[in-house]
Structures are given as C-alpha cells and as structure tokens.
Amino acid sequence: MSCEIKIAPSILAADAARLAEEVKKVEEAGAEWLHIDIMDGHFVPNLSYSAQVVSALRPLSKLFFDVHLMISEPVKYMDDFADAGADIITVHKEACSDAELKEIAAHLHGRGVKAGISVKPNTPAESLEPLLDDFDMILIMTVEPGFGGQSYIHEMDSKIAWAARAAENHPGLIVEVDGGVGEKTAAEAAASGAKVLVAGSAVFGAEDAEAAVRSLRRIAESACCAEEKQQ
Ligand code: DX5
Ligand code: ZN
C-alpha cells in the first residue's frame, strides 16, 4: 500500500475576486488537485460557483479538477460540469436513488470523466456498498456540507476506515476526506485511511500556501506510514 497523499485545496476558501491568481498560487504551492464546491441553495443552505466558473478556470491550470456537487439534481447539471473540464465529478448518495447514481457514474465514464460518491455525516458508509463497483472515489464528509471553516467531526474516522477497507477490495478506489482538515486533523484522517485531503481554510487561509500544503502532506504521510507499520 502506498502512503502517497494528495492535497486538494477547496476554492470555497479562496479570494473570489482573484480566483485565477488563487488557483495559480495553490498549483505553485504543490497541490495536485483543486476541489471545487458547487452548491445549489437546496441540497445545502448555501450557494457557490457555476459551471461557467469551472470553465473559465480550466485553461489556466493543469490541476486535477475535483468537482463536488452538493446539489439536489446532479443529473440535470453533470454534463455542464463535464463540458467545463471536470476531471472527477462527485455526487451525493442522499441526492438520488441507487439506480440513478449508477446511471450517473456510467454516463460520466462514457464521457471520460471519473465519478465520486459522497456521504454526509449522518449517512452510514455501509449504504455505499451497492455502489462500490460503479464509482472511482468515496468522499467522506467530515462536516455538514454547506460551509467552509467548520470543525472536523472525529466520529467520521470509522467511516473513513470503512472506505479504506472497501478500497482494499476495489483496487483503484480513491478515499477522499472533506471538511475541517488542517494541521491538527490531517494525521487522524490519514491514519484512518484517507488518501486525498480537501483543505479550504488550512491552505487558502495560510500566509504561506506552499508551507501549508507541504506541512499537511508531511503530517498525513507520516501518520499513514506509522499506521501501516502497526498493521
Ligand atoms: C463544505 C465543503 C468543503 C469546504 C471545506 O461543504 O464541501 O469542501 O470548502 O472547507 P474547510 O477545509 O475550510 O473545512
Ligand atoms: Zn467539498
């Protein structure tokens, strides 16, 4: 097992008036992914960016665009985000039926886009079992979706661990964690089995983004390695 950790800064915490520069900043800081939170004011009580913003940023960056759809009707909008240049599109388990979710994953794959599935804190990870063959990534929410800057919910560690065990039986399945990840919580997320860490405030709120990305990665990779040695 590899302990390579990827950092996905969330542009929800970026300066919205200077998005292009902010994306360039985190790319130069060494992040591999860019987490793009999309909210519809219905699935979550907040609004954020549209596909137009994703499309405008796409030519400016080589980062892996990780689009997190916190919206009630992903079927209606997924093609807009695929057209905009998303590399992976994550939808919520709570937004649709399993049959619809399977169709979404197949549709995205047909378009050459990876598909992720996410669970809110109150949704059991086990509910993802029937979908594991369909999706490329599990995104465990460690806060209630809707806002940046919240505190990491420690009880989610067992869900991350469940996803990591699922990944052992589904080679290639990525485990991502989103919400409240910073220097104090990166170690437990990684020790539980997360391989991609979303970090909004911890990266965009830092004075030195490069130092923040480096430090999160170092903390997470050593926690992952220490955990593997114990096993
Ligand atoms: C919350 C979003 C997160 C958020 C993370 O609904 O899905 O991606 O931006 O922000 P931090 O890292 O500040 O908790
Ligand atoms: Zn997110």
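**Group meeting: the interior and the loops of a predicted model**

Leu216 is buried, with a relative accessible area of 1%. I begin with this residue, and I should say at once that the model before you is a predicted one. Leu216 belongs to helix H8. Leaving out residues up to four places away in sequence, Leu216 touches Ile7, Gly182, Glu183, Ala186, Ala199, Ala202 and Val203. Between its C-alpha atom and that of Ala187 there are 8.4 Å, although 29 residues separate the two along the chain.

From there I turn to the interior. Which residues have the most contacts inside the largest nonpolar core? They are Ile11, Ile38, Ile89, Ile138 and Leu197, in a core of 68 residues. The greatest contribution to this core comes from helix H8, residues 209-230, which supplies 6 residues. A second core, separate from the other, has 6 residues, among them Ala8, Met137, Val196 and Val198. As a general remark, nonpolar side chains tend to be buried together in soluble globular proteins.

Leu197 deserves a further word. Once its neighbours within four places in sequence are set aside, Leu197 is in contact with Ile5, Lys6, Ile7, Ala8, Val177, Val181, Ala186, Ala189 and Ala220. Ile7 and Ala186 thus appear among the contacts of Leu197, and they appear among those of Leu216 as well.

My next topic is a pair of helices, H3 and H4. Helix H3 covers residues 74-84 and helix H4 covers residues 98-110; their axes come within 11 Å and cross at roughly 15 degrees. Because that angle is under 35 degrees, H3 is roughly parallel to H4. The crossing is right-handed. On the H3 side, the contact is made by Pro74, Val75, Met78 and Asp79, and on the H4 side by Ile104, His107 and Leu108. Sorted by class, the residues in this contact are 5 nonpolar, 1 polar and 1 charged.

I now come to three residues in loops.

The loop between strand S7 (174-178) and helix H6 (186-192) contains Thr185. Is Thr185 buried or exposed? Thr185 is buried, with a relative accessible area of 9%. Not counting residues up to four places away in sequence, Thr185 touches Tyr152, His154 and Gly180. Tyr152 is 33 residues from Thr185 in sequence, and the two lie 7.2 Å apart in space, C-alpha to C-alpha.

Ser48 is located in the loop between strand S2 (33-39) and helix H2 (51-57). Its relative accessible area is 28%, and Ser48 is therefore partly exposed. Apart from neighbours within four places in sequence, Ser48 is in contact with Leu12, Asp37, Ile38 and Met39. Of these, Ile38 has already been named, as one of the residues with the most contacts inside the largest nonpolar core. From Ser48 to His68 there are 20 residues in sequence and 11 Å in space, taken C-alpha to C-alpha.

Lastly, Glu129 is placed in the loop between strand S5 (114-119) and strand S6 (137-141). With a relative accessibility of 48%, Glu129 counts as partly exposed. The C-alpha atoms of Glu129 and Ala166 are separated by 8.2 Å, the two residues being 37 apart along the chain.

To close, I return to the starting point: Leu216 is buried and lies in helix H8, the helix that gives the most to the largest nonpolar core.

Key. Residues are numbered from 1 along each chain as its sequence is written. Chains are lettered from A and ligands numbered from 1 in the order in which they are written. This is a predicted model: local features need pLDDT of at least 70, side-chain atom pairs count only at pLDDT 80 or more; totals for chains, interfaces and linings use all residues. Side-chain values use heavy atoms; hydrogens and water are left out. A nonpolar core is a set of buried Ala, Val, Leu, Ile, Met, Phe, Trp, Tyr and Cys residues joined through side-chain atoms within 4.5 Å. Buried means under 20% relative accessible area, exposed over 50%, partly exposed in between (1.4 Å probe, protein chains only). Helices (H or I, at least four residues) and strands (E, at least two) are DSSP runs, numbered from the N terminus. Contact means heavy atoms within 4.5 Å. Axes are lines fitted to C-alpha atoms, for helices over the stretch in contact, and angles run from 0 to 180 degrees between N-to-C directions. Angles under 35 degrees count as roughly parallel, over 145 as roughly antiparallel, 65 to 115 as roughly perpendicular and the rest as oblique. A crossing is left-handed if the near helix is turned anticlockwise from the far one by less than a right angle, and right-handed if clockwise. Ala, Val, Leu, Ile, Met, Phe, Trp, Tyr, Cys and Pro count as nonpolar, Asp, Glu, Lys and Arg as charged, and the others, Gly among them, as polar.
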